[in-house]
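Here's a quick tour of a protein fold, written for someone just getting used to reading structures. Have the picture open while you go through the points.

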Amino acid sequence: MSAPDPRTHGTVGEIAVCVQRQLESLYALEPEQPVTDYLMPPAAVRHLPGGGSRTLVAQAGDEVSVGVVLDDSVGAGLERADPRERLDGSNLGPFSTLTEEVSHFLYVLFRARSDRPVTQLELELQGEVDKYLVALFFRGLYEEGALSARLRQLLFARYDLVAGLSAESSERYHAASRLANRYCGWLESRYLKRRRAEALARETRRFWRLGQREKLETIAALRTA
């Protein structure tokens, strides 16, 4: 879509590829080209819709083009505190933003190759679930038993939306956050606290492949502890 982001070979690029490979492994996906091949600097896409970190998608006939933009603040936050060494309140925000965009990147490509449409709510919902799971496993928090409700609170209750969003976009983000919180709380009680890693993998892989209607029906039917 545009010139590549010069940060692709630095810390941010390394972290982005690490997150990508973790998601591909979690969901049993065929490895894609590194997301760094699709990163674009914010300055190069100022003329395009939206602002801040976002995943850009364009379609011409049967061809889908994808570009990933990470706001400069995301790179700065991860450069200051590398989540591969420490993941806490100081860098959870930028790490979550990066994870969401990598999630969008993979989900759009997966759906395009399956010739299946994707809605914005579906994309945001899966991104919310993915940032929870990646944060949980990235630094071995699951193995250390440090699950959790605390992480869900930080991700799904104590968040700030980008300034300037429309009322429609804001409500969609809030809805995705509420839905993801419910689903991830159920994953916690049913699989994580019981250390059922294989069953967790089966469930999350199933959920990844559902369409929006099926995802919403799944969450509506949940009984959380």
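Let's start inside one helix: the buried residues of α7 are A199, L200, A201, E203, T204, F207 and W208. Keep in mind that this is a predicted model. From α7 we'll step out to the rings, then to the sheet, and finish with some loops and the chain as a whole.

**Helix α7 and its surroundings**

- Helix α7 covers residues 197–208, which is twelve residues.
- From first C-alpha to last, α7 reaches 16 Å, close to the 16 Å expected at 1.5 Å a residue.
- What sits on top of those buried residues? The cover includes α1 (11–26), α3 (92–113), α4 (120–138), α6 (167–192) and α8 (212–220).
- Here's a handy rule for looking at any such element: an α-helix has 3.6 residues a turn, so residues three or four places apart point the same way.

**Aromatic rings**

- How many aromatic pairs does a search of the whole structure find? The search turns up eight.
- Take Y183 and F207: their ring centres are 4.0 Å apart and their planes are at 15 degrees, so this pair counts as stacked.
- That pair ties together distant parts of the chain, since Y183 belongs to helix α6 and F207 to helix α7, 24 residues apart.
- Are Y183 and F207 buried or exposed? Both are buried.
- There's also a ring cluster, where ring pairs link Y27, Y107, F110 and W208.
- W208 is also on the list of buried residues in α7.

**Charges over rings**

- F207 has another partner to look for: K215 lies over the face of its ring, at 4.9 Å from the ring centre.
- You can find a similar arrangement at Y173, where R172 lies over the ring face, at 5.9 Å from the ring centre.

**The sheet**

- Three strands make an open sheet, and their order is β1-β3-β2, with mixed pairing.
- Which strands are at the edges? They are β1 and β2, and each of them pairs on one side only.
- A bit of background: strands of a sheet pair through backbone hydrogen bonds, either parallel or antiparallel.
- The parallel part is β1 (residues 39–40) with β3 (residues 63–69), joined over two bridges. If you want to spot one of these on screen, M40 has V69 in β3 as its bridge partner.
- The antiparallel part is β2 (residues 54–60) with β3, and here there are seven bridges.
- To follow the antiparallel pairing, look at A58, whose bridge partner in β3 is S65, and at A60, whose bridge partner in β3 is E63.
- β2 and β3 form a hairpin with two residues between the strands, and G61 takes a positive phi near 65 degrees there.

**Helix α3 against the sheet**

- α3 lies across β2 and β3, and runs at about 175 degrees to β3.
- S96 is one residue to look up in helix α3. With a relative accessibility of 6%, S96 falls under the 20% cut-off, so it counts as buried.
- What does S96 touch? Leaving aside neighbours within four places in sequence, S96 is in contact with K131 and L155.

**Loops with an unusual backbone angle**

- Most residues other than glycine have a negative phi, and most peptide bonds are trans.
- D115 goes the other way: its phi is near 55 degrees, a positive value in a residue other than glycine.
- You'll find D115 in the loop between α3 and α4, and this residue is exposed, with a relative accessible area of 72%.
- R195 isn't a glycine either, but it has a positive phi of about 55 degrees.
- R195 is in the loop between α6 and α7, where it is partly exposed, with a relative accessible area of 46%.

**The whole chain**

- Zooming out, the protein chain has eight helices and three strands.
- In sequence order the pattern reads α-β-β-β-α-α-α-α-α-α-α.
- How much of the chain is buried? Of its 225 residues, 49% are.
- If you take contacts between residues at least 6 apart in sequence, 68% of them join residues at least 24 apart.

Note on methods. Residues numbered from 1 in each chain as written. Predicted model: local features only at pLDDT ≥ 70, side-chain atom pairs only at ≥ 80, totals over all residues. Heavy atoms only, no water. Helix = DSSP H or I, 4+ residues; strand = E, 2+ residues; numbered from the N terminus. Expected span 1.5 Å × (residues − 1). Buried < 20%, exposed > 50% of the residue type's maximum accessible area, 1.4 Å probe, protein only. Contact = heavy atoms within 4.5 Å. Pairing = 2+ DSSP bridges. Phe/Tyr/Trp six-rings, centres within 6.5 Å; stacked < 30°, edge-to-face > 60°. Lys NZ or Arg CZ within 6 Å of the ring centre and 35° of its normal. Axes fitted to C-alpha atoms, helices over the stretch in contact; angles between N-to-C directions.
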